[in-house]
Amino acid sequence: LQRAGDANNDNLVDVTDFGILHATFGTDNDPRADFNGDGIVDITDFGLLRGNFGQLGTRPGQDVGNQSAGSAIMELRPQGKAPTNGGTVHVGDSFTLELWVNAQAGTNVVGQQSYLTFPSGQLQLGNQKYAGPRTGSNGLLTPDSSVLDVMLQNAICNGSTSCVFNGQKVPAGSLAFASGTLSPVEGSGAFRVATVTVQATAPGVATLHWQFSPSDPISRNTKIVADGGVTVSQPDQFVDYVVNVLPAGK
C-alpha cells in the first residue's frame with residue numbers, strides 16, 4: 001500500500017504533495033491532504049508526509065503534477081575559494097557551494113526538491129568523516145531556513161556503494177535535499193536554501209548533475225513548486241556544475 005503523504009495519487013510522496021498540503025493547511029478545504037482522516041489538514045498530516053517523503057508505492061510512480069507559466073530554477077553557487085563552473089581545483093582542496101532558488105518576478109515558491117549525482121570517487125560532499133547517508137538535523141547539507149523553513153529530506157551518499165534514503169535505494173554519489181514552508185508568505189526572487197562542503201579526492205573532470213524524470217527515477221525528480229503543488233520549474237533551464245580536479249601540487 002502507498003504510505004500516507006501522497007496527496008495527488010501519483011504513487012509517490014514528494015514536494016508536489018507538500019504544495020497541496022501547504023495550500024489547505026489549517027483548513028478542511030482539500031481532503032486529499034487530510035492523511036489521517038480527522039477532518040482537518042494540520043501538523044499531524046505534515047508529519048505523515050515528511051516521514052514518508054521520497055517513498056514510492058508498490059506500483060510505478062507517474063508524474064501528474066500541473067505545470068504553470070511561472071519560472072524558477074535551482075542553482076549551485078560557488079562561494080569564497082570555490083571555482084566557478086568549469087574551473088579547477090587540486091586533490092585535497094575543499095570548497096563551499098550554496099544551493100539557491102532563483103524565481104522570476106511573479107513566481108512564488110512554497111517548496112523545492114533537489115536531486116544530484118556526482119562522481120564519489122573524485123568528490124566527497126558534506127561530512128567527510130562519514131561515508132554513508134545521514135538525515136534529519138545532522139544531514140550533510142546545512143539548511144538555510146530564512147525562507148523555506150521546513151526540511152523534508154537531507155541526505156548524501158558518499159563512498160563506493162549504494163545507500164538507502166528513507167526506503168529508496170540510490171547509487172553512490174547521490175544528493176537529496178528538499179525543503180518547504182508552511183508560512184502563508186511564499187518565497188520569491190533569489191534565495192538560499194542550503195550550503196554544502198565539497199572535497200576533491202581524485203583527479204579528473206567531476207560533474208554535479210541535476211536529475212529529472214523520466215530520464216532518472218521519478219523519486220529523484222528535481223523540481224520547484226508553488227501553492228497547490230503546481231510545478232514552476234523547467235528542467236532545461238538547470239545547469240550542471242563541473243569542476244576539473246588536478247593532482248595535488250600541480
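These exercises work through a predicted model, each with a solution in steps.

**Exercise 1. A short-range and a long-range salt bridge**

Task: Find the salt-bridge partner of Arg32, and state whether each of the two residues is buried or partly exposed.

Solution:
- Step 1. Find the partner. The side chain of Arg32 meets that of Asp30 in a salt bridge, at 2.8 Å from N to O.
- Step 2. Check the cut-off. A salt bridge needs the nitrogen within 4 Å of the carboxyl oxygen, and this pair has 2.8 Å.
- Step 3. Classify Asp30. Its relative accessible area is 18%. Buried means under 20%, so Asp30 is buried.
- Step 4. Classify Arg32. Its relative accessible area is 43%, so Arg32 is partly exposed.

Task: Where in the chain do Asp144 and Arg192 lie, and how many residues apart are they?

Solution:
- Step 1. Start with the contact. The side chains of Asp144 and Arg192 form a salt bridge, 2.8 Å from N to O.
- Step 2. Place both ends. Asp144 sits in the loop between β6 (142-143) and β7 (150-157), while Arg192 belongs to strand β11 (residues 190-200).
- Step 3. Read the separation. The two are 48 residues apart, and the pair links distant parts of the chain.
- Step 4. Classify both. Asp144 has 14% relative accessibility and counts as buried. Arg192 has 30% and counts as partly exposed.
- Step 5. Widen the view. Glu98 joins Asp144 and Arg192 in a network of salt bridges.

Task: How many salt bridges does the count come to?

Solution:
- Step 1. Give the total. The count comes to five salt bridges.
- Step 2. Add another example. Arg77 and Glu75 form one, with their closest N and O atoms 2.8 Å apart. Arg77 is partly exposed, at 24% relative accessibility.

**Exercise 2. The cavity**

Task: Which residues line the largest cavity, and how do they divide by type?

Solution:
- Step 1. Count the cavities. The whole structure has one cavity of 30 Å³ or more.
- Step 2. Give its volume. The largest cavity has about 50 Å³.
- Step 3. Name the lining. It is made by Gly54, Tyr115, Gln153, Phe165, Gln168, Val170, Ser219 and Arg220.
- Step 4. Sort the lining. Three residues are nonpolar, four are polar and one is charged.

**Exercise 3. Strand β4 and its partners**

Task: Which strands pair with β4, and in what sense?

Solution:
- Step 1. Look at the strand. β4 covers residues 111-117, and six of its seven residues are buried.
- Step 2. Take β10 (residues 174-180). Seven bridges join β4 to β10, and the two run antiparallel. Gln113 stands opposite Ala178 here.
- Step 3. Take β13 (residues 223-226). β4 and β13 pair in the antiparallel sense over three bridges. Gly111 has Val225 as its bridge partner.
- Step 4. Take β12 (residues 204-210). Two bridges join β4 to β12, again antiparallel. Leu116 faces Trp210 in this pairing.

**Exercise 4. An enclosed helix**

Task: Why is helix α1 (residues 15-24) described as largely enclosed?

Solution:
- Step 1. Count the buried residues. Nine of the 10 residues of α1 are buried, so the helix is largely enclosed by the rest of the structure.
- Step 2. Name them. They are Val15, Thr16, Asp17, Phe18, Gly19, Ile20, Leu21, His22 and Thr24.
- Step 3. Find the cover. The elements over these buried residues include α2 (43-51), β4, β7, β10 and β13.

How values were computed:
Residues are numbered from 1 along each chain as its sequence is written. This is a predicted model: local features need pLDDT of at least 70, side-chain atom pairs count only at pLDDT 80 or more; totals for chains, interfaces and linings use all residues. Side-chain values use heavy atoms; hydrogens and water are left out. Buried means under 20% relative accessible area, exposed over 50%, partly exposed in between (1.4 Å probe, protein chains only). Helices (H or I, at least four residues) and strands (E, at least two) are DSSP runs, numbered from the N terminus. On a 1 Å grid over the protein atoms alone, a cavity is a set of points where a 1.4 Å probe fits but cannot get out, and a pocket is an open set with protein on both sides within 12 Å along at least five of seven lines; lining residues have an atom within 4 Å of a point. Grid points are joined across faces, edges and corners, and a volume is the space filled by probe spheres set on the points. Ala, Val, Leu, Ile, Met, Phe, Trp, Tyr, Cys and Pro count as nonpolar, Asp, Glu, Lys and Arg as charged, and the others, Gly among them, as polar. Two strands pair if DSSP finds at least two bridges between them. Contact means heavy atoms within 4.5 Å.
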